[in-house]
Structures are given as C-alpha cells and as structure tokens.
Amino acid sequence: MTLPLPSGAQRRVRVRLHPLGTPQRLEAAVLFLEDLHDIEQRVRTEKLAAMGRISAAVAHEIRNPLAAIAQASALLQEDEATPTQRHLIGLIEQNVRRLNRTVDDVLETARIPWPDHQPLLPALPLDRTVDDALADWLRQRPQGTRLQRDARAGNTTIAFDPEHLRRVLVNLLDNADRHASPAAGAIRVETSTDDGRARVTVWSDGDEIPAPVREHLFEPFASSYSRSSGLGLYLSRELCQRYHAELSHERSPRDGRPGNAFVIRLPVADATP
C-alpha cells in the first residue's frame with residue numbers, strides 16, 4: 001500500500017499482520033510496516049554480492065587464455081609480417097589489454113574492502129602525475145583538439161598511489177571518450193586547489209545522465225553502455241575512498257556548453273620530508 005507523508009510525498013510500504021492468541025480466540029494483532037525501498041535495496045545488495053562472486057570466478061578463468069593469446073601475439077611479431085598482419089596483431093593486443101583491464105577491475109572489486117593498514121606514501125606532484133597518466137592514455141586513444149588540459153594546481157602534492165590514481169583517471173577518461181561529442185574541447189581535464197583541498201575534474205560535453213541511471217551511477221555492474229563492465233565508476237570511487245578522497249558527479253557547463261563533470265577532491269599532502 002501507499003502511505004501519504006506530511007510533506008505531500010508518498011511512501012510505498014509492505015503490510016504484514018501477525019495475529020496473537022489461539023486459533024479459537026484472537027487476542028491481538030501486530031501490524032508490521034516495511035519500507036519497500038529498503039526491501040528492494042537489500043535484495044539488490046544480495047544480488048550484487050552474488051554477481052561479484054561469480055564475476056571474480058569467471059575473471060580468474062579468463063586470465064590464463066588471455067595470457068596465452070598475448071604470448072602468441074608477441075611471438076607473431078617476431079616474424080616478418082605484412083602491413084595487414086601487423087594491423088591484425090595490433091587489434092589483438094589492443095583487445096587483450098582491454099580485457100585484461102576488465103579482469104583487473106573485477107578482481108580489484110572482489111578484494112574490497114581494503115585492509116585498515118595503509119603504507120606510507122610519498123607526496124606526488126598533482127599536475128605532473130595527472131599529465132603522466134594522461135600522456136599514457138593518449139598514446140592508446142589520441143584525441144587531438146578534442147581534449148583540453150587545464151593545469152592550475154601549481155606545486156600541490158597529494159598522498160595517493162600513482163598506479164591507483166592512473167586507474168581512476170583512465171576509467172574517467174574512457175567514460176568521457178564514450179559519451180563526448182567529436183567537437184574540439186569536448187573533453188577537459190582540470191586540476192586546481194580549493195579551500196586547502198586538491199581537485200581533479202574530468203569533464204565532457206555528453207548528454208545529461210537520466211535520473212534512473214544517475215541514482216545507481218557508482219554501483220557495481222550499473223552501466224547503460226553495452227560494452228562496459230559497469231565497474232569503472234564503482235572501482236574509481238572505492239580507490240578514491242581508500243586515500244580519503246571523494247569522487248562525485250555534477251552537471252556543469254564549460255564555455256557555455258553543458259556537460260558532465262566527474263570531480264575528485266583530495267587532501268593536500270605535505271611535500272616536505
């Protein structure tokens with residue numbers, strides 16, 4: 001049934017009646033009201049946990065065939081090959097890397113939650129670390145004028161594992177690449193500081209994310225894109241939380257163009273030894 005709230009909103013509830021007494025004499029009854037939203041969330045959590053266990057098992061099974069394919073491709077490169085064959089070998093290696101990244105995401109997800117003990121990390125220069133990760137990504141996915149870089153973090157340093165930060169940025173950049181237009185400046189990577197915190201933003205001029213998708217944006221296996229594992233944003237947020245950083249989405253314009261911004265807010269680290 002649906003209950004009206006004083007605010008004018010409504011809440012869907014499941015009603016259960018539990019009789020007290022004997023079959024011959026009913027003395028009282030207890031009425032249980034359960035919020036259907038809470039029930040649906042519990043069911044969804046249980047399903048996600050089951051999917052995670054299955055996905056981790058499948059990922060382990062995929063690892064060995066992928067390694068064999070990668071090794072065979074490397075051996076083929078040692079022989080004389082025609083331009084067509086080199087192109088096909090390149091396609092094989094590109095897709096092996098993509099599948100390996102998906103496998104890594106699944107296995108990384110299965111290892112969460114993280115251990116309480118965190119190793120002492122060196123302070124990373126934010127702008128240079130983001131530039132290095134961006135350069136690696138652009139070697140695989142050249143963008144030309146489609147991508148713009150706005151570096152305003154100066155000498156700001158952060159405490160973050162560089163490989164984990166690279167993975168977060170790659171996930172956000174892959175997402176932007178899928179949804180942005182081909183126009184110049186359709187993707188922007190920005191770094192800055194704000195109120196004593198560092199800020200990394202990956203913005204793209206994609207369409208507004210529908211409300212049903214936005215509600216589950218950072219949940220595992222939630223993706224509206226058929227070729228996505230649905231783990232990228234979830235894993236990115238989990239990695240950020242490991243280093244006391246926050247990852248959020250907001251709808252914001254750039255140069256008068258509406259778009260989607262994924263914003264990482266990080267604590268600033270002391271660069272002095």
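This is a tour of selections to make in the viewer, with a note on what each one shows.

The model is predicted, so local features are described only at pLDDT of at least 70 and side-chain atom pairs only at pLDDT 80 or more, while totals for chains, interfaces and linings use all residues. Residues are numbered from 1 along each chain as its sequence is written, and side-chain values use heavy atoms, with hydrogens and water left out.

**Stop 1: the strands β1 to β3**

Select residues 2–4, strand β1, and residues 10–21, strand β2. Helices (H or I, at least four residues) and strands (E, at least two) are DSSP runs, numbered from the N terminus. β1 and β2 pair in the antiparallel sense over 3 bridges; pairing requires that DSSP finds at least two bridges between two strands. Within this pair, proline 4 stands opposite glutamine 10 of β2. The two strands form a hairpin with 5 residues between them. In its turn, pick glycine 8, where phi is positive at about 100°.

Now add residues 26–35, strand β3. β3 pairs with β2 in the antiparallel sense over 9 bridges. A hairpin of 4 linking residues joins β2 to β3. To check the register, show arginine 14, which stands opposite glutamate 34 in β3.

**Stop 2: isoleucine 69 in α1**

Select helix α1, residues 36–77, and find isoleucine 69 in it. Isoleucine 69 has 41% relative accessibility and therefore counts as partly exposed; the classes are buried under 20% relative accessible area, exposed over 50% and partly exposed in between, with a 1.4 Å probe and protein chains only. Which residues does isoleucine 69 contact, leaving aside its neighbours within four places in sequence? They are Ile92 and Val96, where contact means heavy atoms within 4.5 Å. Draw a distance from the C-alpha atom of isoleucine 69 to that of valine 96: the separation is 7.6 Å, for residues 27 apart along the chain.

**Stop 3: helix α3**

Select residues 126–140, helix α3. With 15 residues at 1.5 Å a residue, α3 should span 21 Å, and its end C-alpha atoms are 22 Å apart, which agrees. The expected span is 1.5 Å times one less than the number of residues.

Colour Leu126, Asp127, Thr129, Val130, Ala133, Leu134 and Trp137, which are buried. They cover an arc of only 165° around the axis, which puts them on the same side of α3; the arc is that of the directions from the helix axis to the C-beta atoms. Arg128 and Arg139 are exposed on the other side of α3. To see what covers the buried residues, show elements including β4 (123–125), β5 (147–151), β6 (157–159), α4 (162–179), β7 and β8.

**Stop 4: aspartate 195**

Go to the loop between β7 (187–194) and β8 (197–204), where aspartate 195 is found. Aspartate 195 is not a glycine, yet its phi is positive, at about 55°. Is aspartate 195 buried or exposed? Its relative accessible area is 75%, so aspartate 195 is exposed.

**Stop 5: helix α6 and histidine 244**

Select residues 232–242, helix α6. Of its 11 residues, 9 are buried, so α6 is largely enclosed by the rest of the structure. Among the buried residues are Gly232, Tyr234, Glu238, Cys240 and Arg242.

Just after α6, step to histidine 244, in the loop leading to β9 (246–251). Histidine 244 has a positive phi of about 60° although it is not a glycine. With 64% relative accessibility, histidine 244 counts as exposed.
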